Amino acid sequence: MRARYGVPLSLTAVGAAGLAYAAGIEARSFRLRRVTIPVLPRGMRPLRVLQVSDIHMVSGQRKKQRWLQSLAGLRPDFVVNTGDNLSDTEGVPEVLDALGPLMEFPGTYVFGSNDYYGPKLRNPARYLIEKVQGRHGLNGNAPAVGVVHNPWEELRDAFDAAGWVGLSNARGRLKLEGIEIALTGLDDPHIKRDRYAEVAGGPEEGADLSLAVVHAPYLRSLDAFTADGYPLILAGHTHGGQLCVPFYGALVTNCDLDTGRVKGLSTHTAGEHTSYLHVSAGCGTNRYTPVRFACPPEATLLTLVERG
C-alpha cells in the first residue's frame with residue numbers, strides 16, 4: 001500500500017504547498033520594478049512615469065490598498081493606469097481610496113474588460129485551449145451572455161474629476177512644468193471596443209513626447225500604433241502569465257501577443273517603424289483565480305530618458 005500511494009500523496013502535498021504559496025504569499029508580494037526607456041528628444045529632462053495596471057480590486061484587500069497608496073512616495077511626474085481596476089461590483093470606493101494619493105499627480109487612464117464587466121468563474125485550462133485555438137476574449141469567441149455590469153462610470157467620473165485624462169478611443173494632453181505630453185489611447189481590444197480609426201494619424205506636432213496607451217496588447221493595436229510612429233506603447237492585461245513555470249516563463253498571455261513579451265520592456269515592429277512596448281504584469285488577479293506563481297504582482301516606475 002505504501003508503494004502504491006506514496007508518490008501520489010507526495011505529489012498532492014507538493015501541489016497543496018504550491019497552491020498555498022501562490023495564493024497566500026506570492027499573490028500578496030507586491031513589488032516595484034524600475035525600467036529605463038530611451039525615448040525622449042535630446043536636451044529634455046528625464047521623466048518618471050508610474051504605471052499601475054490590473055488592480056482587480058476586491059473589497060477587503062487592505063494590503064493591496066496600502067501598497068498602492070504608498071506608491072505616491074515615489075513622486076512620479078505622472079501616472080498611467082492601464083485598466084482592469086475592478087474584480088468586485090462593490091470595489092469602486094476601495095479603488096479610489098487606494099489610488100487617492102496617486103490622483104494628486106497628473107495622470108491618464110484606459111479601461112479594461114473587468115472595469116466594465118464582473119468576472120466569471122472559469123477553468124484556468126481554458127486559457128491554454130484558447131491559445132491553441134487562437135481565440136481570446138471576444139476575438140473569435142461568442143459574445144458574453146449574462147455578465148455582471150460594473151459601475152465603471154463612477155471610476156471614470158472620479159478619475160476625470162482628479163484631472164486624469166481618459167483615453168478610451170481618444171486623444172489628450174498632459175502639461176508638466178513646460179513639458180507637453182501628447183497621449184493617444186484605445187478602449188479594450190479584448191472585448192472589441194477599440195476604434196483605431198477614431199484616433200489614427202500618429203503623434204501630434206508640437207508635443208515634447210507622444211505616448212500610446214491600451215489595456216490589452218493585441219497585435220492589431222500594436223501594429224497600428226507602431227506604424228503610425230509612436231515611440232512608446234504602454235499596456236497591461238496579461239498578468240505576466242500569472243501562473244508561470246520557473247526558468248521557462250509564461251504559458252499564456254490571454255491575447256495574441258507572444259509569451260516572450262508577456263511582461264516588461266520589449267520592442268514591436270510594424271512597417272518601417274519600431275516602438276518600445278512595456279507590458280505591466282499588474283498587481284491583482286481575477287477574484288476567482290487569486291493565485292500567482294513565479295510572477296509576483298507589480299507596478300512599474302518607468303524612467304524616460306534621451307534617445308541615444
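This tour moves through a predicted model in three stops, each beginning with something to select in the viewer.

**Stop one: Gly91 and its surroundings**

Start by selecting Gly91, which is found in the loop that runs between β3 (78-81) and α3 (92-99). With a relative accessibility of 0%, Gly91 counts as buried, because the cut-off for that class is under 20%. Now add Val58 to the selection: although Gly91 and Val58 are 33 residues apart along the chain, their C-alpha atoms are separated by 5.6 Å. To see what else surrounds the glycine, show Met57, Ser59 and Leu86, with which Gly91 is in contact when its neighbours within four places in sequence are left aside.

**Stop two: strand β8 and its partners**

Next, select residues 209-213, which form strand β8; 5 of the 5 residues are buried, so the strand is largely enclosed by the rest of the structure. Turning the view to compare its two faces, you will find Leu209, Leu211 and Val213 on one side and Ser210 and Ala212 on the other, with both faces covered.

Extend the selection to strand β7 (residues 179-185), which pairs with β8 in the parallel sense over 5 bridges, and look for Thr184, which stands opposite Ala212 of β8. Then bring in strand β9 (residues 232-235), whose pairing with β8 is also parallel and runs over 2 bridges; here Val213 stands opposite Leu234 of β9. Finally, add helix α7 (residues 219-227), since β8, this helix and β9 together make a right-handed β-α-β unit.

**Stop three: aromatic rings and the charges over them**

For the last stop, display the aromatic side chains, among which a search of the whole structure finds 11 pairs. Begin with Tyr116 and Tyr117, whose ring centres lie 6.3 Å apart and whose planes meet at 55°, so the pair is classed as tilted. Which of these tyrosines is buried? Tyr116 counts as buried at 3% relative accessibility, whereas Tyr117, with a relative accessible area of 25%, is partly exposed.

Widening the selection to Tyr109, Phe111, Trp152, Phe159 and Trp164 brings in the other members of a cluster that ring pairs link together with Tyr116 and Tyr117. Keep Tyr116 in view and add Arg193, whose charged end sits over the tyrosine ring at 3.8 Å from its centre. To finish, move to Tyr218 and select Arg220, which lies over the face of Tyr218 at 5.4 Å from the ring centre.

Key
Residues are numbered from 1 along each chain as its sequence is written. This is a predicted model: local features need pLDDT of at least 70, side-chain atom pairs count only at pLDDT 80 or more; totals for chains, interfaces and linings use all residues. Side-chain values use heavy atoms; hydrogens and water are left out. Helices (H or I, at least four residues) and strands (E, at least two) are DSSP runs, numbered from the N terminus. Buried means under 20% relative accessible area, exposed over 50%, partly exposed in between (1.4 Å probe, protein chains only). Contact means heavy atoms within 4.5 Å. Two strands pair if DSSP finds at least two bridges between them. A crossover is right-handed if, with the strands pointing away from the viewer, the path from the first strand over the helix to the second runs clockwise. Rings of Phe, Tyr and Trp (its six-membered ring) pair if their centres lie within 6.5 Å; planes under 30 degrees apart count as stacked, over 60 as edge-to-face and the rest as tilted. A charge sits over a ring if NZ of Lys or CZ of Arg is within 6 Å of the ring centre and within 35 degrees of the ring normal.
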